[in-house]
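Subject: Structure handover

Hi,

Here is the structure I promised you. Please open it next to this note and read the two together.

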Amino acid sequence: LSSYFSFSQEKTEFGITTEGSWFMPHKVTEYRGMETKNGFGTGIGVYASHHLFWRISADIGLAYRYKQMQQHYSVSTGSNDPDSGYPFILEGWDKLPMHYVVIPVHLKMLLSKNFFLKAGIESTWLTNYKIVNEKPEFNWTTGLGSQKHKLKWSINYIQGFKEQGFGNETK
């Protein structure tokens, strides 16, 4: 979900964008220790939009995005249950905060005075993990939105071209 507050000149518009998100991490569960939970996110940024032709405009921006995912852990305590002989296992969920710098580039087409379609790509940098498979990560996005005066909102779907694995260095 995005909302925009903007001011514009004849063909170029500058504004502030905010977002709220619900995301579903890629799930490959080989065993219980690798399960992840869906999470929520938020973000804020700035953008510039320029009218190209007919009902088509292009947007470029710079934003901060925060997401939090949870991953299941299962750790042996090192001691065994005296009755069964099996090791005691501690289980829980680690919170994994993710901080991104995002550069979105979108094309937007007005369907009517108040409704538009948008699609584009994003380049994102995950900033708080040292080991990342894809840096930057590239995502494609598509959405449908509405506008009333200078307020715009849209519902978007964002998908990465590749899965961005991440982790901290171990010493």
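First, a cut-off you will need: a residue is buried under 20% relative accessible area, exposed over 50%, and partly exposed in between. Trp140 comes out at 33% relative accessibility, so it counts as partly exposed. Please keep in mind that this is a predicted model.

**Overall fold**

The protein has zero helices and eleven strands. Read from the N terminus, the order of elements is β-β-β-β-β-β-β-β-β-β-β. The chain has 171 residues, and 33% of them count as buried. Take the contacts between residues at least 6 apart in sequence: 55% of these join residues at least 24 apart. The exposed surface is about 11,200 Å². Carbon and sulfur atoms supply 61% of that surface.

**The aromatic pair**

Back to Trp140. How many aromatic pairs does the structure hold? It holds one. The partners are Trp140 and Tyr157, and their arrangement is tilted. The ring centres are 5.6 Å apart, with 55 degrees between the planes. This pair links distant parts of the chain: Trp140 sits in strand 9, Tyr157 in strand 10 (residues 151-160), and 17 residues separate them. Tyr157 has a relative accessible area of 40%, so this residue is partly exposed too.

Another ring has a charge for company. Lys108 places its charged end over the ring of Phe116, 4.8 Å from the ring centre.

**Asn139**

Next door in sequence is Asn139, also part of strand 9 (residues 137-148). Is Asn139 buried or exposed? Its relative accessibility is 5%, so Asn139 counts as buried. Leaving out residues up to four places away in sequence, Asn139 touches Gly120, Ile121, Glu122, Thr124, Ile158, Gln159, Gly160 and Phe161. Note Glu122 in that list; this residue returns below.

**Salt bridges**

The whole structure contains three salt bridges.

- Lys152 and Glu13 meet through their side chains, at 2.5 Å from N to O. Lys152 lies in strand 10 and Glu13 in strand 2 (residues 12-23), so this bridge ties together parts that are 139 residues apart in sequence. Both residues are buried.
- Arg65 bridges to Glu19, with 2.6 Å between the closest N and O atoms. Arg65 belongs to strand 5 (residues 56-80) and Glu19 to strand 2, 46 residues apart, so to speak of a link between distant parts of the chain is fair.
- Glu122 bridges to Arg65, and here the closest N and O atoms are 3.1 Å apart. Glu122 is in strand 7 (residues 115-126) and Arg65 in strand 5, so the bridge connects parts that are 57 residues apart in sequence.

Which residues do shared partners join into one network? They are Glu19, Arg65 and Glu122. Their accessibility is worth a look. Arg65 has a relative accessible area of 8%, so Arg65 is buried. Glu122, at 4% relative accessibility, counts as buried. Glu19 is partly exposed, with a relative accessible area of 21%.

**The nonpolar core**

In soluble globular proteins, nonpolar side chains tend to be buried together. The largest nonpolar core here has nine residues in all. They are Phe23, Ala63, Met69, Leu96, Met98, Tyr100, Val102, Leu126 and Tyr129. Strand 5 and strand 6 (87-110) are the elements that give two or more residues to this core. Which strand gives the most? Strand 6 does, with four residues.

**Ile44**

One last residue, which contacts a member of that core. Ile44 is in strand 4 (residues 39-53). With 47% relative accessibility, Ile44 counts as partly exposed. Neighbours within four places in sequence aside, its contacts are Ile16, Thr17, Thr18, Ala63 and Tyr64. Ala63 is the core member in that list. Ile44 and Ala63 are 19 residues apart along the chain, yet their C-alpha atoms are separated by 5.6 Å.

That is the tour.

Best wishes

Notes. Residues are numbered from 1 along each chain as its sequence is written. This is a predicted model: local features need pLDDT of at least 70, side-chain atom pairs count only at pLDDT 80 or more; totals for chains, interfaces and linings use all residues. Side-chain values use heavy atoms; hydrogens and water are left out. Buried means under 20% relative accessible area, exposed over 50%, partly exposed in between (1.4 Å probe, protein chains only). Contact means heavy atoms within 4.5 Å. Rings of Phe, Tyr and Trp (its six-membered ring) pair if their centres lie within 6.5 Å; planes under 30 degrees apart count as stacked, over 60 as edge-to-face and the rest as tilted. A charge sits over a ring if NZ of Lys or CZ of Arg is within 6 Å of the ring centre and within 35 degrees of the ring normal. A salt bridge is a side-chain nitrogen of Lys or Arg within 4 Å of a carboxyl oxygen of Asp or Glu. Accessible areas come from the Shrake-Rupley method with a 1.4 Å probe; for residues, only the protein chains shown count as cover. A nonpolar core is a set of buried Ala, Val, Leu, Ile, Met, Phe, Trp, Tyr and Cys residues joined through side-chain atoms within 4.5 Å.
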